[in-house]
Amino acid sequence: MSTPPFERAGANGRLTLAVPSKGRLGEPAIRLCAEAGLSFELTERSLLVPCSNAPVDLLLVRPSDIPEYVQDGVVDLGITGANLVLEAGADVVTIADLGFGRCTLEAAVPDDAPHQGVEALAGLRVATAYPASTRRLLADRGVEAQLVPVSGSVEAAPRLGLADAIVDLVSTGSTVSANGLRRIGVLFSSQAVLVGGREAVERRRELVDRLDLMLLGVVAARRRRYVMMNARAADLPAIRDVLPSMGAPTVLPLAEEGQIAVHAAVDADDVWELLPALKRAGATSILVVPVERLVA
Ligand code: AMP
């Protein structure tokens with residue numbers, strides 16, 4: 001079978017990719033691997049999961065452990081949060097941004113406190129579960145605060161009199177405001193990243209590039225839609241005017257004289273504005289379909 005976990009990665013010629021086993025990054029990371037075309041079967045207790053169609057083993061571990069495993073060569077590559085790489089101070093190569101697990105490390109103070117901006121943290125007691133990255137990001141701005149490391153319920157720290165402010169990860173901001181806090185500044189924007197060990201990336205370049213291509217093909221495709229429509233050939237210039245397509249659209253003749261089909265890949269975010277504009281430009285029978293893979 002595959003390399004037992006925690007032996008040095010790559011001993012059997014296979015690539016080991018550490019993937020968050022649970023938590024916020026777990027399900028989307030595993031889904032990305034599956035959509036990228038890796039074939040594997042997860043069981044309740046499996047820690048090391050071999051892929052049947054590629055020389056890749058997935059090691060399911062806590063996301064906060066992944067930066068160090070990658071740095072130390074326990075695994076070749078890992079998927080984890082950019083903030084966790086920063087928190088671990090790990091010396092790894094960031095190969096790709098993966099477009100999920102987006103959040104920001106932000107400072108917040110009680111609603112009635114006067115502070116504004118990250119600089120206002122100077123001299124305050126700041127509770128955080130991310131002390132190493134907070135210290136470093138504040139130092140980058142020349143701010144020195146008194147950090148109070150906590151492991152959970154950071155938002156409660158000001159109310160409990162443990163701290164004057166907090167630094168915590170935010171995605172919607174609802175937890176912060178539900179706890180009577182006001183956001184005063186962003187220290188770091190994070191998302192899930194693919195990271196590799198310096199030596200592993202060099203030594204296994206071909207396989208790393210291949211995995212990167214497969215994962216990024218899915219990440220890029222998620223932001224795209226494929227739009228197909230029929231139109232009169234005479235309306236093509238007006239349709240092209242509103243179509244922010246990647247390169248030129250595909251134009252195909254229909255069996256009916258003077259009629260064409262136009263196909264284009266567009267940004268998913270643009271579809272809301274695009275459809276009425278296409279209709280106004282003369283398009284009919286408009287179809288919008290998801291894109292599975294996009295390799296530029
Ligand atoms: P976990 O503790 O296993 O749920 O994973 C936490 C990681 O998920 C963080 O380190 C971030 O990289 C990411 N994340 C994304 N959004 C949030 C959020 N709103 N709060 C905390 N972590 C988040």
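Let me start at the ligand, where a polar backbone atom of R24 is 2.9 Å from one of the ligand's oxygen atoms. Keep in mind that this is a predicted model, so please take each distance I quote as computed from it.

R24 makes its approach through the backbone. With N83 the side chain is involved: one of its polar atoms is 2.6 Å from a ligand oxygen. S171 also uses a polar side-chain atom, but the partner there is a nitrogen atom of the ligand, at 2.7 Å.

How much of the ligand does the protein bury? By itself the ligand exposes 490 Å², and 79% of that is buried by the protein.

Now the surroundings. There are 15 residues around the ligand, and the ones that come nearest are R24, N83, L84, C103 and S171. You have already met R24, N83 and S171. By type, the shell splits into 7 nonpolar residues, 5 polar ones and 3 charged ones.

Where does the ligand sit? It occupies the largest pocket. Three elements each give two or more residues to the shell: helix 1, residues 23-35; helix 3, residues 82-88; and strand 9, residues 165-170. Which of the elements gives the most? That is helix 1, with 3 residues.

If you want to find these on the screen, look for helix 1 at 23-35 and helix 3 at 82-88, then follow the chain on to strand 9 at 165-170.

Last, the whole chain. The protein has 9 helices and 15 strands. Its C-alpha trace spans about 75 × 55 × 35 Å along the principal axes. The radius of gyration is 24 Å, whereas a compact globule of 296 residues would have one near 19 Å.

To recap: the ligand is in the largest pocket, with 79% of its exposed area buried by the protein, and helix 1 gives the most residues to its shell.

Note on methods. Residues are numbered from 1 along each chain as its sequence is written. This is a predicted model: local features need pLDDT of at least 70, side-chain atom pairs count only at pLDDT 80 or more; totals for chains, interfaces and linings use all residues. Side-chain values use heavy atoms; hydrogens and water are left out. A residue is near a molecule or strand if one of its heavy atoms lies within 4 Å of it. A polar contact is a pair of N or O atoms within 3.5 Å; within protein, one must be able to donate a hydrogen and the other to accept it, and residues adjacent in sequence count only if both atoms are side-chain atoms. Accessible areas come from the Shrake-Rupley method with a 1.4 Å probe; for residues, only the protein chains shown count as cover. On a 1 Å grid over the protein atoms alone, a cavity is a set of points where a 1.4 Å probe fits but cannot get out, and a pocket is an open set with protein on both sides within 12 Å along at least five of seven lines; lining residues have an atom within 4 Å of a point. A molecule sits in a cavity or pocket if more than half of its atoms lie within 2 Å of its grid points. Helices (H or I, at least four residues) and strands (E, at least two) are DSSP runs, numbered from the N terminus. Ala, Val, Leu, Ile, Met, Phe, Trp, Tyr, Cys and Pro count as nonpolar, Asp, Glu, Lys and Arg as charged, and the others, Gly among them, as polar. The radius of gyration is taken over C-alpha atoms; the globule rule is 2.2 Å times the number of residues to the power 0.38.
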